[in-house]
Amino acid sequence: MHGTRQISRRTILKATGVAAGAASIGAAATPSVAAGGAFAHPGLLHTGDDLARMASKVKAGASPYTAGYAKLTANRHSQSNWTANPQTIVYRGAELRPRSTWPQNYGILYNDIHAAYQNALRYHVSGDSAHADTAVAILNAWSAKLTKVFGSADRFLAAGIYGYQAANAAELVRDHKDFQLERFQKMLVDVFYSVSEDFLVKHNNGTPAPHYWPNWDLCNMACALATGIFCDDQAKVERAVEYFKHGAGMGSIKHAIPAVLDDGLAQWMEAGRDQGHSLMGVGLMGTFCEMAWNQGIDLYGYDDNRFLKGAQYVAKWSLGGNVPYTPYAQLDQRPGIQHPTAVAQASPTQVRPVWAMVANHYTKRRGLSATYLTQIAAKAAPEGGGGDYGPNSGGFDQLGFGTLAFTRDKATDTEARPKPAASASGAAAGSRPRTAAAASASPTTGDGLAATGSGEIVGWTAAAGVTAVAGGLLFLRRRDRGRHGAS
């Protein structure tokens with residue numbers, strides 16, 4: 001039986017970074033920037049070195065890379081005969097009109113994005129240019145036609161999840177001679193990022209920032225960061241990083257992981273909700289941290305490895321272990337709103353491709369002990385990708401293939417900090433020169449943020465603060481309809 005324990009309001013406020021009696025969380029100090037001035041490309045989930053490692057390991061027949069690559073080649077989205085089906089408007093969710101008037105066509109988008117990503121990844125491993133050509137054709141088709149992501153509040157999920165995934169697919173072929181880079185950048189900013197930014201500022205037309213579950217914030221944070229890196233936009237990157245550290249919504253790290261426990265674990269906020277969304281949260285936060293790391297920003301280690309402690313908590317719980325749970329005092333008391341008082345039931349049979357990336361960072365890059373992460377990553381291997389974990393949206397919330405992409409040899413220097421070093425992309429012949437960051441370099445300081453120019457930042461946190469009052473501080477959007485996703 002999973003344990004439950006109470007915690008004082010003062011402890012909750014301290015854990016989430018809000019001083020008792022404070023009125024709100026405002027815009028925090030500007031993140032420091034390091035010298036350099038240019039973004040690394042490829043530099044989202046995979047660097048040039050990562051892609052070269054995958055290719056060389058598979059060519060050498062090394063385990064477990066070969067098993068991971070076999071999962072990739074077996075997936076139907078990885079085939080070079082995939083044909084895109086771009087839409088002018090993508091709809092997700094229908095609350096304001098009868099469902100029949102809004103075609104729920106977002107599945108077309110996520111299937112095409114995963115096909116583009118998987119073909120691009122397969123190209124980098126195999127060298128078969130037919131897969132690169134297919135990825136480029138898919139991405140060009142969408143950037144030529146898509147004008148809007150729309151629907152109910154679920155449009156924010158679509159913008160966040162599919163925005164960061166589209167950027168990652170495109171990053172792998174950004175140097176291909178036929179890829180329409182500038183047009184794709186415009187689509188990312190106008191169609192996806194604009195919706196994600198609106199959510200992080202307003203949380204759906206002024207809804208209190210803590211009203212939504214962490215995954216709503218996390219997917220939109222990932223979209224914002226991925227767009228900033230892909231478009232060489234320093235301000236977007238800095239705002240996303242600042243939100244991770246100090247954002248008003250539940251996706252910021254001290255809200256998503258509100259309490260560090262005496263046993264070295266840290267409670268995952270959605271563990272009181274269900275296992276599936278907790279697994280998704282680990283995947284989204286890991287994605288955010290990995291993209292930041294590849295630009296020289298260490299968020300994996302932020303706040304004394306807080307993410308490690310939260311991921312270990314979810315891993316132990318998902319393996320069937322007992323974990324303590326601190327019930328929240330909540331302000332949203334409307335009928336039908338959940339108020340979890342204990343950790344939800346977890347099944348060791350529920351698997352998502354979220355573990356290889358996180359486990360390999362902490363144990364191989366950093367040389368840290370992470371027993372539960374090691375165990376659950378081994379259990380999930382070899383990780384597949386979109387379509388391998390169900391046909392609905394929940395099966396496409398992660399790009400996956402972590403066994404192939406993130407398995408690493410142990411670093412010789414586990415104390416090394418991340419460096420945003422541009423490296424060969426392995427792009428097809430005739431590739432264009434990489435886009436250099438337009439901003440000027442800023443002085444080096446000690447926080448490890450990739451150098452991208454001006455230190456000016458307009459904080460998303462200023463628009464909607466977290467009010468700390470007697471009785472609790474969390475507004476949570478409770479929208480459980482039996483569907484998968486970030487809601």
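## A tour of two pockets and a core

Begin by selecting helix α2 (residues 48-59), which gives the most to the lining of the largest pocket, with 3 residues. Bear in mind throughout that this is a predicted model. The largest pocket holds about 610 Å³ of space, and of the 22 residues that line it, those closest to its centre are Asp 49, Asp 50, Trp 293, Arg 365 and Arg 408. Colouring this lining by class gives 11 charged, 7 nonpolar and 4 polar residues.

Keep Trp 293 displayed and add His 361, since the next stop is helix α13 (residues 355-365), where His 361 is found. Beyond its neighbours within four places in sequence, His 361 is in contact with Trp 293, Tyr 300 and Arg 366. His 361 counts as buried because its relative accessibility is 1%, under the 20% cut-off.

Stay on α13 and turn to the second largest pocket, whose volume is about 240 Å³. Its lining includes Ala 356, Asn 360 and Lys 364, together with Pro 64 and Thr 407. The elements that give two or more residues to this lining are α13 and α14 (371-380), and the largest share, 5 residues, comes from α13. By class, the lining of the second largest pocket has 6 nonpolar, 5 polar and 1 charged residues.

Finally, select Leu 373, which, leaving aside neighbours within four places in sequence, is in contact with residues including Leu 308, Ala 311, Trp 355, Val 358 and Tyr 362. Leu 373 and Trp 355 are also among the residues with the most contacts inside the largest nonpolar core, which has 125 residues; Phe 192, Met 285, Phe 307 and Tyr 313 complete that group.

Methods: Residues numbered from 1 in each chain as written. Predicted model: local features only at pLDDT ≥ 70, side-chain atom pairs only at ≥ 80, totals over all residues. Heavy atoms only, no water. Helix = DSSP H or I, 4+ residues; strand = E, 2+ residues; numbered from the N terminus. Buried < 20%, exposed > 50% of the residue type's maximum accessible area, 1.4 Å probe, protein only. Contact = heavy atoms within 4.5 Å. Core = buried A, V, L, I, M, F, W, Y, C linked by side-chain atoms within 4.5 Å. 1 Å grid on protein atoms, 1.4 Å probe; cavity = no way out; pocket = protein on both sides within 12 Å on 5 of 7 lines; lining within 4 Å. Points joined across faces, edges and corners; volume = space filled by probe spheres on them. Nonpolar A, V, L, I, M, F, W, Y, C, P; charged D, E, K, R; others polar.
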